[in-house]
Amino acid sequence: MDSNRKFALALDLVDLDRQEPNRNRRESRYFWDELFTLVPAAGFRAIELPYQPKWDFGGRSGVPMTNYAVTTKYGSVAGFRDAMKAKGIERIATVAFSPLLFASAPTEVYFGAFAHFASEALRFAAETGAESLVVTPTPPVGILESTHGEASVWSREFLKRTSDLLDRLALEARTTGVLLSLKSEFWSLLRGDRIDTFLSGLDGALADIDTAHLRIGGLEPAARIRSLSGRIGSVHLTDTAFVDSGSAWRAVNPEFPADRPTQVFRDIGLGDVDLAGAISALDDASYRGWLVCSCRQTRDIYRAMLRARAFLDGIAAKD
Amino acid sequence: MANLRFSHMSHWKTIPYKTIPNFRDFYYEDKSNAAYYSDWDRILRYHAATGYEGIEVAPWDLADMLPLFGTLKEFAEFAKERGVAVSGMFHGAEGSHDPAKREEVLASSRLDVDRIVEMGGQHMNTCPDSNYFGVGPLSREQVRYAAATLTEMGRYAESKGVRIGLHNEFFCAINKENHREFIESTDPRYVHYCLDTAQIAIIGEDMVKFYDDYHDRICTFHLKDTASPKLPDSVRYAKDVEIQDDGTRWFWEPGEGVLDFKSLWRSMKKHGFQGWVTVETDGTPDLLASMALTTYYLERELGPIYR
């Protein structure tokens with residue numbers, strides 16, 4: 001195993017939006033305090049924290065995913081960091097932010113909220129000592145089209161404003177020492193390698209590699225890693241067996257294909273993405289950042305953590 | 001014809017599918033119970049199967065429901081095909097005491113009344129103001145202003161055939177010290193009351209006495225139990241108190257807490273209550289189990305008293 005590899009676990013494996021029995025407990029602090037004990041038990045000593053402004057509202061500060069929530073429950077960001085260290089989580093490797101919550105809002109509200117909360121997430125990332133802030137640059141095309149109409153009419157201006165916003169964020173990021181990384185999701189206006197042109201117009205932002213998103217979008221992760229030749233800011237190891245044979249990418253809710261319900265994102269090792277090939281390509285590219293294991297959409301948080309660990313152990317054994 | 005019709009307050013989180021046509025294949029993907037809790041088709045069938053003729057929806061769910069159904073009317077028809085009517089919708093009148101927010105509060109209220117009309121519902125159960133923390137205590141003038149705002153909301157609702165039922169959260173700025181004054185400051189022609197049995201007990205009221213006192217204002221119920229009535233002010237007025245750090249639950253299924261539902265049922269019989277009773281089991285670890293457990297209690301324990 002390459003000793004330079006460092007793995008983190010993304011907390012997006014805790015689905016706070018969708019249904020399951022006993023989901024409510026996930027809004028209480030005790031759930032997270034126990035989870036932070038179990039994450040190191042699964043062999044992960046670093047995490048990715050999704051920064052979700054939703055938890056600023058409605059009195060749900062038990063979910064430690066905003067500055068408000070963390071300071072309410074732990075006194076300060078430093079207090080939160082200390083509490084996690086006491087449980088064996090040595091650091092927050094990355095912070096992730098998506099403007100999805102505001103996707104259906106009027107344009108001015110959307111960009112205002114995006115800029116405000118992305119900046120807040122950046123400051124939070126800096127204060128926690130995170131290496132990078134991973135930003136989703138656009139919500140799903142389908143949601144935007146349901147609000148604004150056909151994308152070809154408005155997408156140019158929308159992307160220009162997005163670029164301006166991220167330019168300012170990149171400038172701010174440089175003053176904090178946090179890397180700014182942009183995620184290309186298969187449902188995005190910037191899906192696949194469309195993000196390359198966008199990134200070339202930004203000073204100081206790098207590309208995120210999300211293996212399942214790339215695969216669904218039609219790109220093989222290892223090839224994509226090689227083509228980026230070092231311009232990689234963050235990596236998400238994600239798995240899938242989903243093939244978008246229609247236009248699921250353009251649906252309002254692309255993570256839940258309506259015509260044939262399926263679990264788009266599988267637990268690591270249960271899909272058919274060549275993750276070993278991606279990791280090998282990252283080694284070849286001398287990537288030294290975090291490899292964040294994300295089991296978004298898992299049906300079982302604790303099995304997902306252990307499945308990810310088992311998969312990584314298997315990779316290490318083959319090295 | 002029964003006097004009581006039971007509805008269930010929707011505390012299902014985001015339901016991502018309208019239907020799952022490939023149910024067996026979806027199940028086999030991971031053999032978990034995800035397939036059982038991911039589409040409206042089955043969720044509504046659970047309502048009908050466990051004895052609920054109605055569903056009360058929540059406004060925060062609409063953004064996810066609309067892409068699935070196109071319109072709220074479509075949702076209501078979809079539910080009706082499965083034997084379930086929309087009894088109403090919850091609503092929050094946050095900031096009703098604040099003159100600067102009056103137009104925003106009224107516009108939001110009108111929008112939700114119209115949505116309820118579209119779904120064929122009858123009730124808009126309304127939290128009357130913001131949370132206590134950061135707002136309370138309200139001055140007497142603010143309480144009266146909030147009451148006037150609610151009356152204005154009720155005037156519009158009544159004109160559309162919808163009844164506003166005040167629904168007092170135990171952590172609301174309208175609370176023990178001004179709750180009755182607030183009710184009596186609203187116009188009874190336009191503002192009614194949704195008796196949330198647990199919330200009212202946690203505030204410090206005697207649920208049965210409250211019903212006896214206000215039976216002519218009470219148009220519907222949120223029926224739930226509690227094991228912690230008469231919570232002290234220091235708890236009710238604290239920050240973000242609804243969800244407790246240690247997982248303590250404020251709400252339980254009727255019969256699993258300490259409230260005297262049999263006396264309430266006798267009082268409802270005495271006053272001849274007729275209409276929707278919405279069972280609400282927020283905080284449960286398993287909504288479907290709570291629905292079935294509550295139906296058993298309603299049928300076997302309370303049904304012989306009044307139904």
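1. Two residues are in contact if their C-beta atoms, placed from the backbone, lie within 7 Å. Helices (H or I, at least four residues) and strands (E, at least two) are DSSP runs, numbered from the N terminus. Please keep in mind that this is a predicted model, in which local features need pLDDT of at least 70, side-chain atom pairs count only at pLDDT 80 or more, and totals for chains, interfaces and linings use all residues. Residues are numbered from 1 along each chain as its sequence is written, and chains are lettered from A and ligands numbered from 1 in the order in which they are written.

2. A good place to start is helix α6 of chain B, residues 140-159. Its 20 residues reach 29 Å from first C-alpha to last, close to the 28 Å expected at 1.5 Å a residue (1.5 Å times one less than the number of residues). Its buried residues (20 or more other C-beta atoms within 10 Å of their own) include V143(B), L150(B) and M153(B). The buried residues of α6(B) pack against α5 (102-119), β4 (123-127), β5 (163-166), α7 (179-185) and β6 (191-196) of chain B. Just after α6(B) comes G161(B), with a positive phi of about 85 degrees.

3. Now to chain A, where helices α2 (residues 67-74) and α3 (residues 77-87) pack at about 70 degrees, their axes 8 Å apart (axes are lines fitted to C-alpha atoms over the stretch in contact, and angles run from 0 to 180 degrees between N-to-C directions). That makes α2(A) roughly perpendicular to α3(A) (65 to 115 degrees). On the α2(A) side, N67(A), V70(A), T71(A) and Y74(A) meet V77(A), G79(A), F80(A) and A83(A) of α3(A).

Key. Angles under 35 degrees count as roughly parallel, over 145 as roughly antiparallel, 65 to 115 as roughly perpendicular and the rest as oblique. A residue is buried if 20 or more other C-beta atoms lie within 10 Å of its own, exposed if 12 or fewer, and partly exposed in between; C-beta atoms are placed from the backbone.
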